[in-house]
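Here are some short exercises to try with the structure open beside you. Work through each task first, then compare your steps with the solution.

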Amino acid sequence: PRNGFKRALLNGDRQVGLFLGTASPYIADMVAGAGFDWLLIDGEHGPNDLHTILVQLQVLAAYPVRPVVRVLDHDPARIKQLLDVGAQSLMAPMVENAQQAQALVRAMRYPPQGMRGVGTAMARAAHWNAVGDYFTEVERELCLLVQIESVTGLKALEEIAAVPGVDGVFIGPSDLAASMGHLGNPGHPDVKAAVADAIARVTAAGKAAGVFSADPAVAAAYGELGARFLLVGVDTLLLRQAAAALAARFTNG
Ligand code: 3PY
């Protein structure tokens, strides 16, 4: 099927999204209709495994919202399994040079362009086959977002963005803050300036820029600067904040 997330990025349409950090299909179901354009199933920091990711993808398939899976690491074997269960859009953390980006592209492609193995236990691919030829469609519809979130990565931004098969570059403010000596303070003015500069450079390179901020004003400002795919919140934080606010009404004073 067509990858609506990738099309939106190519069209220059803004995509506003939420982190799914709980590994829960119930939470995925609850927020799927909330009005976000995309949801990031967090396989890097969330307590996910292949099965929890698969179940969330199955739940989200019933909704127009577009799922993206953040991978644990760059392991081609894990990437192969995620693609085989039907993930169309992947986001890879901690990319610091063009070689790493190229390896991610190769992990997502069949030979001769890449090194993805050809499996037959492809439940979701079978679904793709129902509407077209999987091996042709997969080349067109798979989407790769790479994360730049270190000072080293920022230095190599242009070479990373230029890699064919990289559809978007996501700047990770929390890790970038840590890398810049401001651990825990992604709102530090130096970090915000570095993020703004990176958004401009990714956009100038002709690729879609993405970024996260749980502060809506900061997220909106990054959007004004040209970030095309935004993460504006995290399910875990929303639940924690709402629960704490409700409890406080009855326990404080
Ligand atoms: C970061 O901010 O470092 C991210 O990867 C997004 O949470």
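**Exercise 1.** Find where glycine 117 lies in this predicted model, and decide whether glycine 117 is buried or exposed.

*Solution.* Start with the neighbouring helices: glycine 117 sits in the loop that runs between α5 (98-108) and α6 (123-131). Next, count its surroundings: 10 other C-beta atoms lie within 10 Å. A residue is called exposed if that count is 12 or fewer, so glycine 117 is exposed. To finish, look along the chain to arginine 140, 23 residues apart from glycine 117: their C-alpha atoms are separated by 18 Å.

**Exercise 2.** Work out the order in which the strands close into a barrel, then follow the pairing of β2 with β3.

*Solution.* Trace the eight strands: they close in the order β1-β2-β3-β4-β5-β6-β7-β8, with parallel pairing. On average, neighbouring strands of this sheet are turned by 25° against each other, direction ignored. Now zoom in on β2 (residues 38-42) and β3 (residues 66-70), which run parallel and are joined by five bridges. One pair to look for is leucine 40 with its bridge partner in β3, valine 68. Finally, find helix α12 (residues 216-224), which packs on the sheet and touches β7 (208-212) and β8 (229-234). The direction of α12 makes about 175° with that of β8.

**Exercise 3.** Explain why the buried residues of α1 line one face of the helix.

*Solution.* First list the buried residues of α1 (residues 4-11): Phe5, Lys6 and Leu9. Then look down the axis of α1: these buried residues fall within an arc of 95°, so they line one face. Just after α1 comes glycine 12, with a positive phi of about 80°.

Key. Residues are numbered from 1 along each chain as its sequence is written. This is a predicted model: local features need pLDDT of at least 70, side-chain atom pairs count only at pLDDT 80 or more; totals for chains, interfaces and linings use all residues. Helices (H or I, at least four residues) and strands (E, at least two) are DSSP runs, numbered from the N terminus. A residue is buried if 20 or more other C-beta atoms lie within 10 Å of its own, exposed if 12 or fewer, and partly exposed in between; C-beta atoms are placed from the backbone. Two strands pair if DSSP finds at least two bridges between them. Axes are lines fitted to C-alpha atoms, for helices over the stretch in contact, and angles run from 0 to 180 degrees between N-to-C directions. Two residues are in contact if their C-beta atoms, placed from the backbone, lie within 7 Å. The arc is that of the directions from the helix axis to the C-beta atoms.
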